[in-house]
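Let's take a walk around one helix and then check on some cysteines. Have the structure open as you read.

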Amino acid sequence: MSVYEYTTKGTCSRKITVELDGKMIKKVAFEGGCNGNLKGIAKLVEGMDIDFVIQRFAGNTCNNRMTSCPDQLAKALQAAYIAAQKEG
């Protein structure tokens, strides 16, 4: 299992902590942002395959921004998986 912290860019949330077991998402926690919505997203993706979540969330935008918290989660998952591969 690996834990990874990702500093977000362009969103109200400031940081995403991801815990992976291989390609399965064990836990996600957002710091900042829309508390209720982000808790819901975190619970929704627990137990899911990262490729599925990345495919669904990558490229989503929020208002006039070029990114969103789900898009940043996709980026965090990609970075966490790459970091875990380098460690293991």
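## Before we start

When this report says that parts pack against each other, think of contact, which means heavy atoms within 4.5 Å. Keep in mind that this is a predicted model.

## Helix 2 and its neighbors

Helix 2 covers residues 50-57, and its buried residues are Ile 50, Val 53, Ile 54 and Phe 57. Looking down the axis of helix 2, you'd see these buried residues fall within an arc of 100 degrees, so they line one face of the helix. Flip to the other side of helix 2 and you find Gln 55 and Arg 56, which are exposed.

What do the buried residues of helix 2 pack against? Their partners are strand 2 (13-21), strand 3 (24-32), helix 1 (35-45) and helix 3 (69-87).

## The two ends

At the N-terminal end, Asp 49 acts as the cap of helix 2: one of its side-chain oxygens sits 2.9 Å from the backbone nitrogen of Asp 51. Past the other end, just after helix 2, Gly 59 has a positive phi of about 90 degrees.

## What about the cysteines?

How many disulfides does a search of the whole structure find? Zero. Cys 62 is in no disulfide, and the nearest cysteine sulfur belongs to Cys 12, 6.6 Å away. For Cys 69, the closest cysteine sulfur is also in Cys 12, at 6.4 Å, which is too far for a bond; the cut-off for a disulfide is 2.5 Å.

As for their surroundings, Cys 62 is partly exposed, at 33% relative accessible area, whereas Cys 69 is buried, at 14%.

Note on methods: Residues are numbered from 1 along each chain as its sequence is written. This is a predicted model: local features need pLDDT of at least 70, side-chain atom pairs count only at pLDDT 80 or more; totals for chains, interfaces and linings use all residues. Side-chain values use heavy atoms; hydrogens and water are left out. Buried means under 20% relative accessible area, exposed over 50%, partly exposed in between (1.4 Å probe, protein chains only). Helices (H or I, at least four residues) and strands (E, at least two) are DSSP runs, numbered from the N terminus. The arc is that of the directions from the helix axis to the C-beta atoms. A polar contact is a pair of N or O atoms within 3.5 Å; within protein, one must be able to donate a hydrogen and the other to accept it, and residues adjacent in sequence count only if both atoms are side-chain atoms.
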